[in-house]
Amino acid sequence: MTELRVVATISAKPGSEDAVRGALVALAAASRDEDGCVSYELFESASAPGTFVTVEVWTGQEALDAHMTSRHVTSALATVGEHLAAAPVIHPLTAVA
């Protein structure tokens, strides 16, 4: 089975950093408990506060698809929607070397 690695970038509007951070911390904790989640890390940029990055590893596309439709993802997106500077950018990764 080939693991699927994903990086997502989420940018908060100025002044909304705490709201987005709180929602993403809760999302990360719930995501780590999902079937198919190998790892789920959440970071905030040191050079651009309010820019959050998740580094995720899933057992495969099916696990990622289930994650994206989970209650905690839809709830987090509804909670932070008005606080985002742009739509989250999600990058499934392919190894090149």
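## Close-up views of a predicted model

**View 1. P49, out in a loop.** At 61% relative accessibility, P49 counts as exposed, since the bar for that label is over 50%. Everything shown here and in the other views comes from a predicted model. P49 sits in the loop that joins β2 to β3. For a sense of scale, take L77, which is 28 residues away along the chain: its C-alpha atom and that of P49 are 19 Å apart.

**View 2. An aromatic pair between two strands.** The structure has 1 aromatic pair. Its members are Y40 and W58, with ring centres 6.4 Å apart and planes at 80°, so this one goes down as edge-to-face. The label follows because planes over 60 degrees apart count as edge-to-face. Y40 belongs to strand β2 (residues 37-44) and W58 to strand β3 (residues 51-58), so the pair ties together distant parts of the chain, 18 residues apart. Buried or exposed, these two? Both Y40 and W58 are buried.

**View 3. G36 beside W58.** Here we stay with W58 but look at another partner, G36, from the loop between α1 and β2. In sequence G36 and W58 are 22 residues apart, yet C-alpha to C-alpha they are 5.5 Å apart in space. What does G36 touch, once its neighbours within four places in sequence are set aside? The contacts of G36 are V57, W58, T59 and A63.

**View 4. Helix α1 against helix α3.** Two packed helices are described by the angle between their axes and the distance between the axes. For α1 (residues 17-32) and α3, the angle is about 180° and the axes lie 10 Å apart. That makes α1 and α3 roughly antiparallel to each other, because angles over 145 degrees get that name. On the α1 side, the contact is made by A19, V20, A23, L27, A30 and S31; on the α3 side, by H72, V73, A76, T79 and V80. Sorted by class, the contact between α1 and α3 has 8 nonpolar residues, 3 polar ones and no charged ones.

**View 5. The two sides of α3.** Keep the same helix in view, this time for its burial pattern. V73, A76 and V80 are the buried residues to look for in α3. Down the helix axis, the buried residues of α3 fall within an arc of 65°, so they line one face of the helix. It helps to recall that an α-helix has 3.6 residues a turn, so residues three or four places apart point the same way. The cover over the buried residues of α3 includes α1 and α2 (61-68). Over on the other side of α3, R71 and A78 are exposed.

**View 6. The buried face of α2.** In α2, the buried residues are A63, L64 and H67. Why do they count as lining one face of the helix? Looking down the axis of α2, its buried residues fall within an arc of 100°, so one face holds them. These buried residues of α2 pack against β1 (4-11), α1, β2, β3 and α3. A63 also turns up in View 3, among the contacts of G36.

**View 7. A87, in another loop.** A87 is found in the loop between α3 (71-80) and β4 (89-93). With 62% relative accessibility, A87 counts as exposed. Its C-alpha atom is 9.8 Å from that of A12, although A87 and A12 are 75 residues apart along the chain.

Terms used: Residues numbered from 1 in each chain as written. Predicted model: local features only at pLDDT ≥ 70, side-chain atom pairs only at ≥ 80, totals over all residues. Heavy atoms only, no water. Helix = DSSP H or I, 4+ residues; strand = E, 2+ residues; numbered from the N terminus. Buried < 20%, exposed > 50% of the residue type's maximum accessible area, 1.4 Å probe, protein only. Phe/Tyr/Trp six-rings, centres within 6.5 Å; stacked < 30°, edge-to-face > 60°. Axes fitted to C-alpha atoms, helices over the stretch in contact; angles between N-to-C directions. Parallel < 35°, antiparallel > 145°, perpendicular 65-115°, else oblique. Contact = heavy atoms within 4.5 Å. Nonpolar A, V, L, I, M, F, W, Y, C, P; charged D, E, K, R; others polar. Arc of directions from axis to C-beta.
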